[in-house]
Amino acid sequence: MKLGAHESISGGLHKAFDRAVSAGCEALQIFLESSRSWQTKILSEEEIRLFKKKAAETGISPVLGHASYLINLATPDDVLWRKSCRMFLNELERCEVLGIPCLIIHPGSHMGKGETEGLRRVAQALKDVLIATSGFKTKILLETTAGQGTSLGYQFEHLAWLMENTCHDGRIGICLDTCHIFAAGYDIRTLESYEATMHELDKVIGLRHVHAIHLNDSKTPLGSRIDRHEHIGKGALGIEAFRLIVNDHRFTNLPGLIETPKDATLEKDRENLSVLRSLANTRRKTRKELK
């Protein structure tokens, strides 16, 4: 697994690479623009040049984008839905220009209209955006969620339905978030529960569709449906869950990205990545192997 972190783009998109180097990242995740504003602007040639120059100089790869949290493709509000679709389209266009292979997005919240209607709205948005970006290389990765409030994506079946009901020609995949699936009720703390969850994921969606993993511990217990990230091994998931996932050969070479709590010096990022690296190739033996 290529380990990395979500880093700030403060001061310019290219500045994220300096922070990634400081944190010891092999891979990187960024927002494409401010995650707090609906305002968008066209990237200048200089911004694109600096981004690609830093990517080449640092060798950090892949770089993944994360869509703004303002975007809600499941909203029943037509004005907000169109606004969300426009912003999502803009962010996909940015990814394509910058050579970013994947854009991660939460499916959205149905705001009380029900999961069936919410999923229908998301599917329509995805269809429209995919048509508008026909020929693009950038993939859309639907992220598993904790299921907080009225958010969709906390069941593997939600994501499978969206993939099945969108003609995407391989341009839609999955981003698996360890904190989110745990909070949603999928246990991965022991070898038995981990394999059971991965079997379910493979059966419902297909492990081949997982293109990125968010490595986050959880402040809240199994099935809490509350999304609160914790430092690796310091939360309710515990260290063994991460030992299992970083040593899973099925995820070899995928980006494993932390979104754990930040500090100004990035020391916590360095610590979390160090813990994850210390777990590689240290899996516990199965009962069968011990015999």
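How many of the residues of strand β2 (residues 27-31) are buried? In this predicted model, 5 of its 5 residues are buried, and the strand is mostly covered. A27, Q29 and F31 point one way from β2, whereas L28 and I30 point the other way. The residues of both groups are buried, that is, each has under 20% relative accessible area.

Strand β2 belongs to a closed barrel of 8 strands, which runs β1-β2-β3-β4-β5-β6-β7-β10 with parallel pairing. From one strand to the next, the twist averages 30 degrees.

On one side of the pairing scheme, β2 runs parallel to strand β1 (residues 2-6), and 3 bridges join the two. H6 has Q29 of β2 as its bridge partner. Between these strands the chain passes through helix α1 (residues 15-23), and the resulting β-α-β crossover from β1 to β2 is right-handed.

Strand β2 is also joined to strand β3 (residues 63-66), again in parallel, by 4 bridges. Here L28 has V63 of β3 as its bridge partner. The chain goes from β2 through α2 to β3, and this β-α-β crossover is right-handed.

Helix α2 covers residues 45-58, a run of 14 residues. The distance from its first C-alpha to its last is 20 Å, close to the 20 Å expected at 1.5 Å a residue. Just after α2, G59 adopts a positive phi of about 75 degrees.

Elsewhere in the barrel, strand β4 (residues 102-105) pairs with strand β5 (residues 139-143) in the parallel sense over 4 bridges. C102 stands opposite K139 of β5.

Conventions
Residues are numbered from 1 along each chain as its sequence is written. This is a predicted model: local features need pLDDT of at least 70, side-chain atom pairs count only at pLDDT 80 or more; totals for chains, interfaces and linings use all residues. Side-chain values use heavy atoms; hydrogens and water are left out. The expected span of a helix is 1.5 Å times one less than its number of residues. Two strands pair if DSSP finds at least two bridges between them. Axes are lines fitted to C-alpha atoms, for helices over the stretch in contact, and angles run from 0 to 180 degrees between N-to-C directions. Buried means under 20% relative accessible area, exposed over 50%, partly exposed in between (1.4 Å probe, protein chains only). A crossover is right-handed if, with the strands pointing away from the viewer, the path from the first strand over the helix to the second runs clockwise.
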